[in-house]
Amino acid sequence: MNGKKSKHIFLPAVKYILLAVFFLYTVFPFFWLLLTSLKGSREIYDFPVHYLPRKATLENYREVMQMGDFGKYICNSLFIALAGACLTVLIAGMSAYILSRMEFRSKPVIFMIYMMTQMLPSAVGFAPLYILMTRLGMVDRLFTVVLILTGGQIPFGTILLIGFMKGIPRALEESALLDGCGRVKTYFTIVMPLARAGLFSVFIFVFLACWNDVYTSVLYINSAAKKTLTVAIYSMIGKYDINWGSVAAGTLIAMAPAILLFGFMKEVFVENIAGAVKE
């Protein structure tokens with residue numbers, strides 16, 4: 001009896017200890033970023049290391065805010081993230097609906113192509129895409145970045161939504177079709193509202209991917225006025241010197257919208273993951 005009681009206490013204790021260790025491992029980088037952003041430039045390089053700032057300062061945040069056209073950088077990042085997320089949701093939603101509802105000869109091939117794109121590293125397509133966009137005269141345009149990021153996220157969004165679309169009863173669509181709705185109208189008036197949890201989750205995924213993107217924006221954006229926030233932070237890293245305090249402050253500012261978005265939408269996100277894997 002005592003052995004069972006000890007086991008009943010020991011296992012939950014081990015579980016909570018492991019969770020606490022994992023939590024500290026996850027949170028520590030953010031905590032370190034915050035501490036670094038509050039230190040002066042000299043204090044960051046002190047040895048031995050002082051973990052807590054001797055005198056907290058907001059000078060690094062002030063430097064970031066005064067860097068170039070900071071408001072414009074945020075607007076550029078928001079445009080790319082929102083446009084990319086909305087386009088992906090629109091196209092991936094329709095693609096998932098077709099693959100989950102209709103039967104046609106090339107369906108397995110299309111699905112296999114979508115799966116294969118998830119196995120290839122994104123860097124594989126950088127060179128040919130850049131050559132193509134250069135020849136089309138689409139370099140140094142924000143919408144070019146949106147198109148490329150959207151194209152990379154559509155297969156992922158489609159695969160995620162297929163399982164969720166299968167969970168929507170066909171009877172509702174058949175009733176709408178009998179009432180005179182076409183396929184397109186049925187999708188927008190019946191299927192999309194029912195699949196909103198899945199579509200919102202894809203929106204979150206893609207928004208975060210576009211917001212955090214660095215390499216695509218670095219490749220295709222040359223004008224200072226069209227820089228995104230992440231590229232502006234990346235530009236703080238010089239060849240011989242790095243202002244770690246400003247980099248930490250800029251990184252925290254860039255992370256804020258993503259953390260807030262995920263915090264507000266976490267329940268929808270979890271709901272969609274459950275819907276996507278149940279089939």
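A search of the whole structure, which is a predicted model, finds seven aromatic pairs. One of them joins Tyr187 and Phe188, whose ring centres are 5.2 Å apart and whose planes stand at 80°, an edge-to-face arrangement. Another involves Phe207 and Trp211: here the centres are 6.1 Å apart and the planes are at 10°, so this pair is stacked. A pair of aromatic rings is described by the distance of the centres and the angle of the planes.

The two partners in the edge-to-face pair can be taken in turn. Tyr187 has a relative accessibility of 2% and counts as buried, whereas Phe188 is partly exposed at 38%. Ring pairs also bring in Tyr97, so that Tyr97, Tyr187 and Phe188 make up a cluster.

The stacked pair sits within a single helix. Phe207 and Trp211 both belong to α10, residues 196-212, and are four residues apart, about one turn of the helix. An α-helix has 3.6 residues a turn, so residues three or four places apart point the same way. Both rings belong to buried residues: Phe207 has a relative accessible area of 6%, and Trp211 has 2%.

What surrounds α10 as a whole? Of its 17 residues, 12 are buried, so the helix is largely enclosed by the rest of the structure. Besides Phe207 and Trp211, the buried residues include Leu199, Val202, Phe203, Ile204, Val206 and Leu208, along with Gly198, Ser201 and Cys210. From first C-alpha to last, α10 reaches 24 Å, close to the 24 Å expected at 1.5 Å a residue.

Helix α10 is one element of a protein that has 13 helices and zero strands. Of the 279 residues, 37% count as buried. The accessible surface comes to about 17300 Å², and 70% of that surface belongs to carbon and sulfur atoms. Among contacts between residues at least 6 apart in sequence, 74% join residues at least 24 apart.

Some individual residues deserve a look. The charged end of Lys15 sits over the ring of Tyr16, at 5.2 Å from the ring centre. Glu43 lies in helix α2, residues 41-44, and is buried, with a relative accessible area of 11%. Which residues does Glu43 touch, leaving aside those up to four places away in sequence? They are Leu52, Pro53, Arg54 and Lys55. Lys55 is 12 residues from Glu43 in sequence, and the two C-alpha atoms are 9.4 Å apart in space.

Asp140 is found in the loop between α6 (126-135) and α7 (142-166). Its phi is positive, about 70°, although Asp140 is not a glycine. Is Asp140 buried or exposed? At 17% relative accessibility, Asp140 counts as buried, because the cut-off for that class is under 20%.

How far each part can be read depends on the confidence of the prediction. The mean pLDDT of the protein is 81, and 90% of its residues reach 70 or more. Among the elements, helix α4 (residues 70-101) has the highest mean pLDDT, 90, and helix α13 (residues 244-277) the lowest, 70. Over residues 274-279 the pLDDT is below 50, and beyond near neighbours in sequence this stretch has nine contacts in the model. Where pLDDT is low, the predicted coordinates should not be read in detail.

How values were computed. Residues numbered from 1 in each chain as written. Predicted model: local features only at pLDDT ≥ 70, side-chain atom pairs only at ≥ 80, totals over all residues. Heavy atoms only, no water. Helix = DSSP H or I, 4+ residues; strand = E, 2+ residues; numbered from the N terminus. Buried < 20%, exposed > 50% of the residue type's maximum accessible area, 1.4 Å probe, protein only. Phe/Tyr/Trp six-rings, centres within 6.5 Å; stacked < 30°, edge-to-face > 60°. Lys NZ or Arg CZ within 6 Å of the ring centre and 35° of its normal. pLDDT = per-residue confidence, 0-100. Contact = heavy atoms within 4.5 Å. Expected span 1.5 Å × (residues − 1). Areas by Shrake-Rupley, 256 points an atom, 1.4 Å probe, with all protein chains shown as cover.
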